[in-house]
Amino acid sequence: MKILSLGSLNIDFVYSVGHINLEGETISARERECKPGGKGLNQAVALAQAGASVFMAGCVGPDGSKLIETLQLSGVDTTLVHKIDEPCGHAIIQLSDSGANSIIIYGGANMQITPQIIDRTMDFFDADDYILLQNEISCVDYAIRIAKERGLKVAFNPSPISDELTTYPLELVDIFILNELEGYTLSGCNSTADSDIIDALASKFPQSTIVLTLGERGALYHDSQSNLSCSAFKVPVVDTTGAGDTFCGYFLAFTMKGVAPKKALEIATKASALAIGKKGAAVSIPSLTQVESVTLT
């Protein structure tokens with residue numbers, strides 16, 4: 001069984017600052033680092049680190065060699081990554097002393113994915129394989145439809161939120177993995193209570209599995225047979241960038257292995273906690289050996 005991460009590949013410019021700047025405020029950064037990132041790339045790396053058979057599909061520009069190298073070193077198959085003339089997408093990330101972040105994304109090559117590219121990509125996959133999608137690329141709605149037509153199981157991380165999101169054929173999604181803000185927006189719920197959000201999502205998408213991540217409060221899970229919760233592990237926060245992507249990749253990898261949802265939640269939560277303890281996105285994602293060997297409470 002294979003999984004395709006059809007998503008973004010970004011160059012992350014990370015600026016270390018004392019605090020996230022306010023509107024109209026100018027602040028100085030102590031340091032700037034350039035790292036591989038993008039939700040598609042990060043989640044593909046997390047899937048591979050968790051032991052899944054992963055293929056990455058997307059578009060990079062002439063400046064994308066480091067991104068491809070990062071994927072390959074993590075064990076991700078990159079034969080479906082297209083090299084085009086448009087420069088790579090990039091993110092500008094403010095990383096504060098508290099570990100919080102603020103991110104601006106420029107799509108670049110990620111927005112050059114076409115229905116033709118998606119059609120050719122799908123030819124490499126079989127019914128019951130998985131596809132993982134995010135919302136940092138073009139033609140997400142088309143990818144959902146075609147993947148479902150081909151019999152793939154569709155997992156969707158609806159990040160970032162966009163005006164187009166509600167026009168997607170979301171009733172075709174098998175697994176949603178989303179945070180509180182994304183859940184609140186997508187559900188149309190009038191309440192910000194976690195239980196109300198997941199109940200509203202379950203009512204709106206009754207055929208879907210819902211995984212709602214809650215940051216330092218853990219995660220909630222709903223499917224047609226069960227409602228589960230998992231507490232977060234307490235760790236020093238260095239950088240929250242990529243923690244959600246780590247959770248997403250680990251949860252799906254263990255779900256594909258047939259691991260029970262409760263255990264998959266616990267493993268994914270632990271992996272994301274370890275990612276928080278290291279700077280960077282893709283570079284912070286722990287290996288399965290690290291996840292299994294480290295004891296957290």
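This briefing covers the aromatic pairs, salt bridges, pockets and cavity of one structure. The model is predicted. A search of the whole structure finds six aromatic pairs, and the structure also holds 13 salt bridges. The largest pocket encloses about 1,300 Å³ of space, while the second largest pocket has a volume of about 330 Å³. Helix α7 comes up under several of the topics below.

**Aromatic pairs**

- Six aromatic pairs turn up in the search of the whole structure. Among them is the pair of phenylalanine 55 and phenylalanine 125, which is edge-to-face, with 5.5 Å from centre to centre and 85° between the planes.
- This pair links distant parts of the chain, since phenylalanine 55 belongs to strand β4 (residues 54–60) and phenylalanine 125 to the loop between α3 (115–122) and β8 (130–133), 70 residues apart.
- Phenylalanine 55 and phenylalanine 125 are both buried.
- The ring centres of tyrosine 250 and phenylalanine 254 are 6.4 Å apart and their planes stand at 15°, so this pair counts as stacked.
- Helix α7 (residues 243–256) holds both tyrosine 250 and phenylalanine 254, which are four residues apart, or about one turn of the helix.
- Tyrosine 250 and phenylalanine 254 are both buried.
- Lysine 257 lies over the face of phenylalanine 254, 4.0 Å from the ring centre.
- Tyr221, Phe247 and Phe251 are linked into a cluster by ring pairs.

**Salt bridges**

- Side chains of opposite charge can pair when their charged atoms come close.
- There are 13 salt bridges in the structure. One of them is formed by the side chains of aspartate 245 and lysine 39, at 2.6 Å from N to O.
- Aspartate 245 is in helix α7 and lysine 39 is in helix α1 (residues 39–49), so this salt bridge ties together parts that are 206 residues apart in sequence.
- Aspartate 245 and lysine 39 are both buried.
- A salt bridge also joins lysine 153 to aspartate 128, with 3.3 Å between the closest N and O atoms.
- That pair links distant parts of the chain: lysine 153 is in strand β9 (residues 153–156) and aspartate 128 is in the loop between α3 and β8, 25 residues apart.
- Lysine 153 has 30% relative accessibility and so counts as partly exposed. Aspartate 128, at 44% relative accessibility, also counts as partly exposed.
- Aspartate 174 and lysine 148 meet through their side chains in a salt bridge of 2.8 Å, N to O.
- Aspartate 174 sits in the loop between β9 and β10 (175–179) and lysine 148 in helix α4 (residues 140–149), so the bridge ties together parts 26 residues apart in sequence.
- Aspartate 174 counts as partly exposed at 22% relative accessibility, and lysine 148 counts as partly exposed at 31% relative accessibility.
- Glu31, Glu33, Lys35 and Lys279 are joined into one network by salt bridges that share partners.

**Largest pocket**

- The largest pocket holds about 1,300 Å³ of space.
- Its lining has 45 residues, and Asn179, Thr240, Gly242, Ala243 and Gly244 lie nearest the centre of the pocket.
- At least two lining residues each come from β2 (10–17), α1, β6 (89–96), β7 (101–106), β10, α5 (180–187), α7 and α8 (261–276).
- Helix α7 gives the most to this lining, with five residues.
- By class, the lining of the largest pocket divides into 20 nonpolar, 17 polar and eight charged residues.

**Second largest pocket**

- The volume of the second largest pocket is about 330 Å³.
- The second largest pocket is lined by 17 residues, of which Asp174, Ile175, Thr209, Tyr221 and Thr255 are the closest to its centre.
- Strand β12 (219–222) and helix α7 each supply at least two residues of this lining.
- The lining of the second largest pocket has seven nonpolar, seven polar and three charged residues.

**Cavity**

- The count comes to one cavity of 30 Å³ or more.
- The largest cavity has a volume of about 30 Å³.
- Asp12, Val14, Lys35, Ile93, Asp239, Thr241, Gly280 and Ala281 line the largest cavity.
- This lining consists of three nonpolar, two polar and three charged residues.
- Lys35 thus appears in the cavity lining and in the salt-bridge network with Glu31, Glu33 and Lys279.

Note on methods:
Residues are numbered from 1 along each chain as its sequence is written. This is a predicted model: local features need pLDDT of at least 70, side-chain atom pairs count only at pLDDT 80 or more; totals for chains, interfaces and linings use all residues. Side-chain values use heavy atoms; hydrogens and water are left out. Rings of Phe, Tyr and Trp (its six-membered ring) pair if their centres lie within 6.5 Å; planes under 30 degrees apart count as stacked, over 60 as edge-to-face and the rest as tilted. Buried means under 20% relative accessible area, exposed over 50%, partly exposed in between (1.4 Å probe, protein chains only). A charge sits over a ring if NZ of Lys or CZ of Arg is within 6 Å of the ring centre and within 35 degrees of the ring normal. A salt bridge is a side-chain nitrogen of Lys or Arg within 4 Å of a carboxyl oxygen of Asp or Glu. On a 1 Å grid over the protein atoms alone, a cavity is a set of points where a 1.4 Å probe fits but cannot get out, and a pocket is an open set with protein on both sides within 12 Å along at least five of seven lines; lining residues have an atom within 4 Å of a point. Grid points are joined across faces, edges and corners, and a volume is the space filled by probe spheres set on the points. Ala, Val, Leu, Ile, Met, Phe, Trp, Tyr, Cys and Pro count as nonpolar, Asp, Glu, Lys and Arg as charged, and the others, Gly among them, as polar.
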